[in-house]
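Work through the exercises below with the sequence and the coordinates open. Each task is followed by a solution in steps.

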Amino acid sequence: MSIPVQSKPLMPKRHPISDDYRLTGSVLGLGISGKVLECFSRTSGQKYALKILKDVPKARREVDLHWRACHHPSNQHIVNIHDVYENNHSGQRCLLVIMECMEGGELFSRIQERADTPFTEREAAAIITGIVKAIDLLHSMDIAHRDLKPENLLFTDKSPKAVLKLTDFGFAKEVNAYKPLQTPCYTPYYVAPEVLGPEKYDKSCDIWSLGVIMYILLCGYPPFYSNCGAAISPGMKKRIRNGQYEFPKPEWSRVSQEAKDLIRGMLCTDPDKRLDIKQVMASKWVGDNTLVPQTPLMSAQVLREEEDTWMDVQEEMTNALATMRVDYDQVMSIKNLGQSNNALLKKRQRREHAGRQDAGAVPMQ
């Protein structure tokens with residue numbers, strides 16, 4: 001019988017973090033559980049990212065799962081944790097997590113910056129392959145990430161050879177046949193139908209989220225969205241549960257059939273019939289990603305044209321997640337955020353409406 005590969009154990013340090021790091025107070029980003037700040041090693045001068053978590057059991061779980069995953073010997077695509085401290089911060093006991101600083105920015109931001117050369121399907125396949133490797137590692141450790149989205153996928157630097165890595169384990173949890181998941185923790189655009197509740201679910205929810213990311217990567221807009229502009233709506237939930245999406249022209253006209261088939265396999269509403277991570281990895285589009293056609297995609301153009309809109313979308317998602325942040329292991333409903341001037345989704349709706357009028361179809365309610 002083979003012995004599972006073990007990560008090195010987490011042993012938090014208890015002396016003051018200020019002995020080893022200089023904290024600047026500059027905010028690098030926001031996660032599920034709090035801010036990520038800039039800091040520098042006092043010995044090497046190297047820049048790091050500091051995440052401050054209130055020392056509660058859920059934070060312990062987040063740090064433990066992230067630590068175990070990033071220190072696994074085969075890890076290449078999960079953001080590394082360098083140090084963990086148990087300190088008092090602002091009068092509270094906290095866990096201070098020192099992580100590698102990802103200077104290359106978020107996944108979609110990187111693509112939006114592409115102005116000189118077109119973003120191709122082969123490049124999209126290479127990106128998805130990196131994400132697949134991260135999920136494969138987590139699933140091999142019986143860990144479900146549960147918050148797979150572009151904002152949690154960061155590049156190491158700005159160079160063409162930058163590595164894409166997964167971060168933010170605030171919703172991550174161990175899962176197996178004896179420990180199914182039931183809490184509806186999710187970011188609306190990327191949520192699998194079974195996570196909407198009340199049934200139990202497993203780590204295959206990450207595969208659905210991967211399918212949504214791949215869809216957006218190839219066209220620039222999401223497969224599921226709210227027609228009223230809110231973070232999520234009854235109509236959007238219904239379309240997610242029914243797997244109701246399309247591959248509309250012109251954005252999808254040149255995308256390969258292999259890519260569309262892979263998305264269909266990941267966006268299967270029945271978790272038992274959905275592809276697992278090994279099947280995704282074995283697919284031709286991922287397994288032979290260097291042979292994927294270098295077809296120019298429209299996704300970079302769409303994302304670039306709607307850059308401000310995607311910032312609005314991310315703000316809506318942050319607000320929606322805030323309703324779960326108080327205790328994200330309790331069943332909590334997402335607040336109705338009301339109307340939103342979401343130009344990207346309205347643009348998609350106008351295209352769909354025009355297409356239905358051309359076809360003489362009745363608009364879907």
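**Backbone exceptions**

Asp168 counts as buried, at 5% relative accessibility, where buried means under 20% relative accessible area, exposed over 50% and partly exposed in between (1.4 Å probe, protein chains only). This is a predicted model, in which local features need pLDDT of at least 70 and side-chain atom pairs count only at pLDDT 80 or more, while totals for chains, interfaces and linings use all residues. Residues are numbered from 1 along each chain as its sequence is written, and side-chain values use heavy atoms, with hydrogens and water left out.

**Exercise 1.** State where Asp168 is found and give its phi; then treat Arg146 in the same manner.

Solution.
- Step 1. Asp168 is found in the loop between E9 and E10; helices (H or I, at least four residues) and strands (E, at least two) are DSSP runs, numbered from the N terminus.
- Step 2. The phi of Asp168 is positive, about 60°, although Asp168 is not a glycine.
- Step 3. Arg146 lies in the loop between E7 and E8, and its phi is a positive value near 70°. Arg146 counts as buried at 5% relative accessibility.
- Step 4. For reference, most residues other than glycine have a negative phi, and most peptide bonds are trans.

**Exercise 2.** Describe the peptide bond between Lys249 and Pro250, then place Glu251 and find its polar contact with Tyr221.

Solution.
- Step 1. The bond joining Lys249 and Pro250 is cis, with omega about 5°.
- Step 2. Pro250 is found in the loop between H5 and H6. Glu251 lies in that loop too, between helix H5 (234-242) and helix H6 (257-266).
- Step 3. Glu251 is buried, with a relative accessible area of 3%.
- Step 4. The side chains of Glu251 and Tyr221 make a polar contact at 3.3 Å. A polar contact is a pair of N or O atoms within 3.5 Å; within protein, one must be able to donate a hydrogen and the other to accept it, and residues adjacent in sequence count only if both atoms are side-chain atoms.

**Exercise 3.** Which residues of the largest nonpolar core touch the most other members, and which helix gives the most to this core?

Solution.
- Step 1. A nonpolar core is a set of buried Ala, Val, Leu, Ile, Met, Phe, Trp, Tyr and Cys residues joined through side-chain atoms within 4.5 Å.
- Step 2. The largest nonpolar core has 81 residues, and Leu107, Ile128, Ile131, Leu218 and Trp285 touch the most other members. Helix H4 (residues 205-219) gives the most to this core, with 12 residues.
- Step 3. Leaving aside neighbours within four places in sequence, the contacts of Leu218 (heavy atoms within 4.5 Å) include Glu251, Trp252, Ile263 and Trp285.
- Step 4. Leu262, in helix H6, is buried at 4% relative accessibility. Beyond four places in sequence, Leu262 touches Met214, Leu275, Val280, Ser283, Trp285 and Val286. The C-alpha atoms of Leu262 and Val286 are separated by 9.1 Å, with the two residues 24 apart along the chain.

**Exercise 4.** Check the length of H4 against its expected span, and do the check for H1.

Solution.
- Step 1. The expected span is 1.5 Å times one less than the number of residues.
- Step 2. The 15 residues of H4 should span 21 Å, and the end C-alpha atoms are 22 Å apart, which agrees.
- Step 3. Helix H1 (residues 57-70) has 14 residues and reaches 20 Å between its first and last C-alpha, close to the 20 Å expected.
- Step 4. For burial, 15 of the 15 residues of H4 are buried. In H1 the buried residues include Val63, Leu65 and Trp67; the buried residues of H1 pack against elements including strand E3 (47-54) and helix H3 (121-140).
- Step 5. H4 is followed by Gly220, whose phi is positive, near 100°.

**Exercise 5.** What is the strand order in the open sheet of three strands, and which strands stand at the edges?

Solution.
- Step 1. The order is E6-E8-E9, with antiparallel pairing; two strands pair if DSSP finds at least two bridges between them.
- Step 2. Strand E6 (105-106) and strand E9 (164-166) stand at the edges, each with a single partner strand, so one side of each is left without a neighbour in the sheet.
- Step 3. Strand E8 (residues 153-155) is joined to E9 by three bridges, and Leu154 has Lys165 in E9 as its bridge partner.

**Exercise 6.** How many disulfides does the structure hold?

Solution.
- Step 1. A disulfide is a pair of cysteine sulfur atoms within 2.5 Å.
- Step 2. The structure holds zero disulfides. The cysteine sulfur closest to that of Cys39 is in Cys101, 8.3 Å away, too far for a bond.
- Step 3. Cys39 is buried, with a relative accessible area of 0%.
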